[in-house]
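Got the model open in your viewer? Here is a route through it, one selection at a time.

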Amino acid sequence: MTEPDNTATQTSFGYRDVPEDERQDHVNRVFAAVAERYDLMNDLMSGGLHRLWKDDFVTALNPPRGDQAFKLLDVAGGTGDIAIRYARAAGRNATAVLCDISPEMIAVGQRRVQDAGLEDRITLTQGNAEALPFPDRSFDAYTIAFGIRNVTHIDRALAEAFRVLRVGGRFMCLEFSQVDVPILDKLYDFHSFTVIPRLGALAAGDEPAYRYLVESIRKFPPQERFAEMIRAAGFERVSYRNLTGGVAAIHSGWKI
Ligand code: SAM
């Protein structure tokens, strides 16, 4: 009988520790399980607020509205919320590649892209944010929304974002963040640790998946620390803006 390898490097998966090389499999199981109900659950859990944040995010990206060619890479793009918003807002020569590690999330995304009539402008590809299947300097912008906290090595994902962007390209991240408004933080804790797991159990039949989603938010670095990681990857003019008192934040950086 082989003994468990206690020397393997551990990392956090929500509030529990798992061997680092197994974390992505745990994450993939979560999204395989929630894919079909992902969009409905986002609306239920956030009361529709995620739509406003995503609108704000794509407005901040400011995609070209004229005829100029523009290529966006939307990593961890899931069911397509960002890529679809972008394609609707941008001119007809603006295209997007949605890259996600989960075939189940991509399948839902593919359906939604087709329903939106955008399959000529949005292509979907399976890939890991830590080792993107794209050449150097091949995109004008890189977005990642509610995705980077699921990645095991955030520094590797940021290095990959830097690699695939052309010089002058922009990195943008929308992610849950740290609430710094008194009272709102208590309400947010109640919502996170009581309401969401119950909603996950009732509406999606999967309490552990939604507990992970909440716990992973709390493990993600606060605004300033994440901004520092973006700078360390080589980006310049790094900035962030809080949404809803810091429940989420938009981070931005440029490859100059
Ligand atoms: N961006 C979408 C949105 O805002 O609705 C989906 C966000 S969803 C919370 C997180 C996504 O990250 C899932 O689709 C999951 O499969 C994807 N993901 C997790 N780890 C990943 C990785 N290492 N590389 C690429 N995608 C990953």
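Start by selecting L73 and V97: L73 stands opposite V97, which belongs to β4. This is a predicted model, so keep that in mind as you click around. Now extend the selection to the two strands, β3 (residues 70–75) and β4 (residues 94–100): they pair in the parallel sense, with six bridges between them.

Next, show helix α5, residues 103–115. It packs on the sheet and touches β4 and β5, and its direction makes about 170° with that of β5.

**The whole sheet**

Zoom out and colour the strands one by one. In what order do the seven strands of the open sheet come? Reading across, you get β5-β4-β3-β6-β7-β9-β8, and the pairing is mixed. Look at the edges: β5 (122–126) and β8 (236–243) each have a single partner strand, so one side of each has no neighbour in the sheet. If you turn the view to look at the twist, neighbouring strands are turned by 15° against each other on average, ignoring direction.

Now add helix α3 (residues 49–61). It lies across β3, β6 (139–145), β7 (165–176), β8 and β9 (248–254), and it runs at about 165° to β7.

**Two cores**

Switch to side chains. The largest nonpolar core has 33 residues, and W53, F57, Y86, I122, L174 and F176 are the ones that touch the most other members. Which helix gives this core its largest share? That is α4 (residues 81–89), with five residues.

Pick I122 from that group and display what surrounds it. Leaving out residues up to four places away in sequence, I122 touches A83, I84, A87, A96 and V113.

There is a second, separate core to visit as well: 26 residues, including F139, F171, F226 and V238.

**A histidine in β9**

Go to H251, which sits in strand β9. Is H251 buried or exposed? Its relative accessibility is 3%, so it counts as buried. Measure from its side chain to the backbone oxygen of Q223 and you should get 3.2 Å. Apart from residues up to four places away in sequence, H251 touches F171, M172, C173, Q223, F226, A227, I230, S239 and Y240. Two of those names, F171 and F226, will be familiar from the second core.

**Around the ligand**

Bring up the ligand and the 19 residues around it; the ones that come nearest are Y38, A76, D100, A129 and A145. Three distances are worth drawing. D100 has a polar side-chain atom 2.6 Å from an oxygen atom of the ligand. From A76, a polar backbone atom is 2.8 Å from a ligand nitrogen atom. K54 puts a polar side-chain atom 3.0 Å from an oxygen atom of the ligand.

**The hairpin**

Jump to β1 (residues 10–13) and look along the strand. Which side chains point to which face? T11 and F13 point to one face and are buried, while Q10 and S12 point to the other and are not. Add β2 (residues 16–19), which runs antiparallel to β1 and is joined to it by four bridges. The bridge partner of T11 in β2 is V18. Two residues lie between the strands of this hairpin, and G14 in the turn has a positive phi of about 60°.

Keep G14 on screen and select Y212, which is in helix α8 (residues 207–219). Y212 touches F13, G14, R23, V27, V30, R149 and N150, not counting residues up to four places away in sequence. With a relative accessible area of 3%, Y212 is buried. For one more distance, try the C-alpha atoms of Y212 and S192: they are 20 residues apart along the chain and separated by 11 Å.

**Two unusual phi values to finish**

Select R137, in the loop between β5 and β6. Its phi is near 50°, a positive value in a residue other than glycine. R137 is exposed, with a relative accessible area of 54%.

Then select F146, in the loop between β6 and α6 (154–164). F146 also has a positive phi, about 55°, although it is not a glycine. Unlike exposed R137, F146 is buried, with a relative accessible area of 10%.

Notes: Residues are numbered from 1 along each chain as its sequence is written. This is a predicted model: local features need pLDDT of at least 70, side-chain atom pairs count only at pLDDT 80 or more; totals for chains, interfaces and linings use all residues. Side-chain values use heavy atoms; hydrogens and water are left out. Buried means under 20% relative accessible area, exposed over 50%, partly exposed in between (1.4 Å probe, protein chains only). Two strands pair if DSSP finds at least two bridges between them. Axes are lines fitted to C-alpha atoms, for helices over the stretch in contact, and angles run from 0 to 180 degrees between N-to-C directions. Contact means heavy atoms within 4.5 Å. A nonpolar core is a set of buried Ala, Val, Leu, Ile, Met, Phe, Trp, Tyr and Cys residues joined through side-chain atoms within 4.5 Å. A polar contact is a pair of N or O atoms within 3.5 Å; within protein, one must be able to donate a hydrogen and the other to accept it, and residues adjacent in sequence count only if both atoms are side-chain atoms. A residue is near a molecule or strand if one of its heavy atoms lies within 4 Å of it.
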